[in-house]
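Reader: I should like to learn how to read the features of a structural model. Could you take me from the whole chain down to single residues?

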Amino acid sequence: MNPQEQLEQKGKFRMTVFEEEYFQGKSCEFRFECQNILDRDFRKIRSIKVENGPWVGYEYPEFQGQQFILEKGDYPCYQAWSGNSSYRTEHMLSFRPIKCANHSDSKITHYECEDFMGHKFEMCEDYPSLQAMGWCSKEVPSIKVNSGAWVGYQFPGYRGYQYIFERDRHQGEYRCYNEYGTQAHTNQIQSMRRIQH
């Protein structure tokens, strides 16, 4: 990113992280990605305040492990960002802004098979249950993001593992579940919503 782009993005994204729960301990404000909070002399992140923009947090350094969507608001402890996830991690070690989120202009296509093959299902709205809306499987083997950014969940009702899908990553193409994230062990996605900006 050149200096002009950095200046333009500076006001769009702002997040303060805290080393302890309930906004205690060491803190630091970020406007850009952080590949490893340990490099900033933090031991971990245990609470977060998102002032501007959506972010994605990761369990491990270098944007690895479980993903967590972080939209504008306060996250006083890990339960606040892991939500209804059956997988809980008590800390976050890396994070980055989601630059292509556009709630009013988001479109995604699910495919029945890997490599964008088979029956497809296009979405422009949030769906707490893909099956209730006509998708005939608990699995989504490949996904193409036409515009915006989305978060997919393992279970209906926006529960379980979270997977972030963005138009500006992988050219918006996720050919198989291995590309959903480093923690993806299955292609099971049963609810999906647009990421708020």
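Author: The discussion below moves from the overall fold to individual residues. Please note that this is a predicted model.

Reader: How many helices and strands does the secondary structure of the protein chain come to?

Author: One begins by counting the regular elements. The protein chain holds two helices and 14 strands. Its radius of gyration is 17 Å, close to the 16 Å that the globule rule gives for 197 residues, so the chain is as compact as a globular protein of that length. Along the principal axes, the C-alpha atoms fill a box of roughly 50 × 40 × 25 Å.

Reader: What percentage of the contacts in the protein chain with a separation of 6 or more is accounted for by residues 24 or more positions apart?

Author: Here one asks how far along the sequence the partners of a contact lie. In this chain, residues 24 or more positions apart account for 68% of the contacts with a separation of 6 or more.

Reader: What percentage of the 197 residues is buried, and how much of the accessible surface belongs to carbon and sulfur atoms?

Author: Burial and surface are best read together. Buried residues make up 49% of the 197 residues. The accessible surface comes to about 9300 Å², and 43% of that area belongs to carbon and sulfur atoms.

Reader: How many positive and negative side chains does the chain have, and how far apart are the centres of the two sets?

Author: One counts each set and then compares their centres. There are 24 positive and 27 negative side chains, with the two centres lying 3 Å apart.

Reader: Turning to single residues, is S94 buried or exposed, and which strand holds it?

Author: The relative accessible area decides the first point. S94 has a value of 0%; buried means under 20%, and therefore S94 is buried. Its place is in strand β7, residues 94–97. A polar atom of the S94 side chain lies 3.1 Å from the backbone nitrogen of F63. Leaving aside neighbours within four places in sequence, S94 is in contact with several residues, including C34, N36, Y58 and F63.

Reader: Where does Y111 lie, and which residues does Y111 touch?

Author: One locates the element before listing the partners. Y111 belongs to strand β8, which spans residues 107–113, and counts as buried at 9% relative accessibility. Not counting residues up to four places away in sequence, Y111 touches F116, W135, P141 and K144, among others. Y111 and E122 are 11 residues apart in sequence, and their C-alpha atoms are 9.0 Å apart in space.

Reader: Which value does phi take in F116, and where is F116 placed?

Author: The sign of phi and the identity of the residue are read together. F116 is not a glycine, yet has a positive phi of about 60°. F116 sits in the loop between β8 and β9 (117–123) and is buried, with a relative accessible area of 14%. D41 is another residue other than glycine with a positive phi, near 65°. D41 lies in the loop between β2 (24–30) and β3 (47–52), and counts as exposed at 61% relative accessibility.

Reader: Is N178 buried or exposed, and where does N178 lie?

Author: A loop position and an accessibility value are separate readings. N178 lies in the loop between β13 (173–174) and β14 (191–194). With a relative accessible area of 51%, N178 is exposed, because the cut-off for that class is over 50%. N178 and Y60 are 118 residues apart along the chain, and 17 Å separates their C-alpha atoms.

How values were computed
Residues are numbered from 1 along each chain as its sequence is written. This is a predicted model: local features need pLDDT of at least 70, side-chain atom pairs count only at pLDDT 80 or more; totals for chains, interfaces and linings use all residues. Side-chain values use heavy atoms; hydrogens and water are left out. Helices (H or I, at least four residues) and strands (E, at least two) are DSSP runs, numbered from the N terminus. The radius of gyration is taken over C-alpha atoms; the globule rule is 2.2 Å times the number of residues to the power 0.38. Buried means under 20% relative accessible area, exposed over 50%, partly exposed in between (1.4 Å probe, protein chains only). Contact means heavy atoms within 4.5 Å. Accessible areas come from the Shrake-Rupley method with a 1.4 Å probe; for residues, only the protein chains shown count as cover. Lys and Arg count as positive and Asp and Glu as negative; His and the chain ends are not counted. The place of a charge is taken as NZ of Lys, CZ of Arg, CG of Asp or CD of Glu. A polar contact is a pair of N or O atoms within 3.5 Å; within protein, one must be able to donate a hydrogen and the other to accept it, and residues adjacent in sequence count only if both atoms are side-chain atoms.
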